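Q: Please take a close look at a single part of this structure and describe, for someone who has not met it before, how its side chains are placed and paired.

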Amino acid sequence: MAANRRPHDEALMRRAIEIARRAVAHGNHPFGALLATPEGEVLLEAENTCRTARDATGHAERNLMTEASQRLAPEVLARATLYTSTEPCAMCAGAAYWVGIARVVYGLSERRLGRIIGAHPENLTLDLDCRKILGSGQRRIEVIGPLLEDEAAAVHEGFWTAG
């Protein structure tokens, strides 16, 4: 894990995990994300909406990045951190890159998520580290994670096997 942890990283990760729980309560997959300033002020939050919006691209991070790019100035985004309950998939990492955020902090790794879910038809995971995607561009984005991985994994317990 990177050494550039901030004092509020764990608290904001726990909030992202709570957003993931909220997504489940709203009938969606257990993923949540938020965007915060370097000082830890929450700017925006988003849940997964794949089921309720009937949109396979309705991932929490992609939803958040769309709203952020529409509502926040580029100079705000260039300092912001994306906190996400689970490592961003290729699509969501790409969205974070194009929006121009400074940092990504994630809870559950994509690899461990894949082991939890298996070959579930609603979420066929990509075993692809977001660092590989984010490190392939011209913009530097710091990545920290996994952070509080067991807590982030707990949100998925039983979800993908339930009827």
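A: In this predicted model, D9 belongs to helix α1, which covers residues 9-25. D9 is buried, with a relative accessible area of 0%, and its side chain is joined to that of R103 by a polar contact of 2.9 Å. Leaving aside residues up to four places away in sequence, D9 touches N4, Y83, R103, V105, I144 and L147, so R103 appears both as a polar partner and among the contacts of this residue.

The next residue to consider is E10, which forms a salt bridge with R5, where the closest N and O atoms are 2.8 Å apart. E10 counts as partly exposed at 31% relative accessibility, and R5 is likewise partly exposed, with a relative accessible area of 34%. This pair belongs to a network of salt bridges that links R5, E10, R14 and E151.

Further along, R21 forms a salt bridge with E18, and here the closest N and O atoms are 2.6 Å apart. R21 and E18 both lie in helix α1, three residues apart, which is about one turn of the helix. R21 is partly exposed, with a relative accessible area of 37%, and E18 is partly exposed as well, with a value of 44%.

A salt bridge elsewhere in the model offers a useful comparison. The side chains of D150 and R112 meet at 2.8 Å, N to O, and this pair links distant parts of the chain, with D150 in helix α7 (residues 149-154) and R112 in helix α5 (residues 110-117), 38 residues apart. D150 is exposed, with a relative accessible area of 56%, while R112 is partly exposed at 23%. The structure holds 15 salt bridges, and in general side chains of opposite charge can pair when their charged atoms come close.

The cysteines, by contrast, are not bonded to one another, as the structure holds zero disulfides. C50 is in no disulfide, and the nearest cysteine sulfur, that of C92, is 8.6 Å away. C50 is buried, with a relative accessible area of 13%, and C92 also counts as buried, at 0% relative accessibility. The cysteine sulfur closest to that of C92 is in C89, at 3.7 Å, which is too far for a bond, because a disulfide needs the two sulfur atoms within 2.5 Å.

Notes. Residues numbered from 1 in each chain as written. Predicted model: local features only at pLDDT ≥ 70, side-chain atom pairs only at ≥ 80, totals over all residues. Heavy atoms only, no water. Buried < 20%, exposed > 50% of the residue type's maximum accessible area, 1.4 Å probe, protein only. Helix = DSSP H or I, 4+ residues; strand = E, 2+ residues; numbered from the N terminus. Polar contact = N/O pair within 3.5 Å; in protein donor to acceptor, adjacent residues only side chain to side chain. Contact = heavy atoms within 4.5 Å. Salt bridge = Lys/Arg side-chain N within 4 Å of Asp/Glu carboxyl O.
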